[in-house]
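Me: I am new to this structure and would like a close look at one part of it. Could you start with a single loop residue and then show me how the rest of the chain fits around that starting point?

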Amino acid sequence: MRKFYTTEGNTASKKRKEAYPILALCEKCVTQYIVINEGERTYDECAKCGADD
Ligand SMILES: [Zn+2]
């Protein structure tokens, strides 16, 4: 099970989607990101490693 996380991306970007991308991440991969906000749980695959179990 993954969760949606609002993460810190390219903060120099004026586009909110690039500055603070919302990604579906597994527990393992989320540790590699700076998390701004934690969202809903999801069955989407992990945006980083592709885990979908
Ligand atoms: Zn992952």
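Reply:
**A loop residue and the sheet beyond**

Let's begin at Lys 15, which sits in the loop between strand E1 and helix H1 (16–19). Please keep in mind that this is a predicted model. Is Lys 15 buried or exposed? Lys 15 is exposed, because 10 other C-beta atoms lie within 10 Å and a residue with 12 or fewer counts as exposed. Now look back along the chain to Arg 2. Lys 15 and Arg 2 are 13 residues apart in sequence, and their C-alpha atoms are 25 Å apart in space.

With that loop in view, we can place the elements on either side of the loop. The chain has one helix and three strands, and from the N terminus on they run β-α-β-β. The three strands form an open sheet with the order E2-E1-E3 and antiparallel pairing. Its edge strands are E2 (22–25) and E3 (35–42), each of which pairs on one side only. From one strand to the next, the twist averages 30°.

Strand E1 covers residues 2–7 and pairs with E3 in the antiparallel sense over five bridges. You can follow this pairing residue by residue: Lys 3 has Arg 41 in E3 as its bridge partner, while the partner of Tyr 5 in E3 is Glu 38. E1 also pairs with E2, again in the antiparallel sense, over four bridges. Here, Thr 6 stands opposite Ile 22 in E2.

Tyr 5 leads us on to the nonpolar part of the model. Which residues make up the largest nonpolar core? The five are Tyr 5, Leu 23, Ala 24, Leu 25 and Cys 46. E2 gives the most to this core, with three residues. Ala 24 is a good place to pause. Leaving aside residues up to four places away in sequence, Ala 24 touches Arg 2, Phe 4, Thr 42, Asp 44, Glu 45, Cys 46 and Ala 47. Arg 2, where we looked back from Lys 15, is thus one of the residues that Ala 24 touches.

A second loop makes a nice companion to the one we started from. Gln 32 is found in the loop between E2 and E3. Gln 32 counts as exposed because it has 10 C-beta neighbours inside 10 Å. Its C-alpha atom is separated from that of Lys 48 by 9.7 Å, and these two residues are 16 apart along the chain.

Finally, let's step back to the whole chain. Buried residues make up 11% of the 53 residues. Among the contacts with a separation of 6 or more, 43% join residues that are 24 or more positions apart. Along the principal axes, the C-alpha atoms fill a box of roughly 35 × 20 × 15 Å. How does the radius of gyration fit with that of a compact globule? For 53 residues such a globule would have a value near 10 Å, and the chain has 11 Å, which agrees.

Methods:
Residues numbered from 1 in each chain as written. Predicted model: local features only at pLDDT ≥ 70, side-chain atom pairs only at ≥ 80, totals over all residues. Pairing = 2+ DSSP bridges. Helix = DSSP H or I, 4+ residues; strand = E, 2+ residues; numbered from the N terminus. Axes fitted to C-alpha atoms, helices over the stretch in contact; angles between N-to-C directions. Core = buried A, V, L, I, M, F, W, Y, C linked by C-beta atoms within 7 Å. Buried ≥ 20, exposed ≤ 12 C-beta atoms within 10 Å, placed from the backbone. Contact = placed C-beta atoms within 7 Å. Rg over C-alpha atoms; globule rule 2.2 N^0.38 Å.
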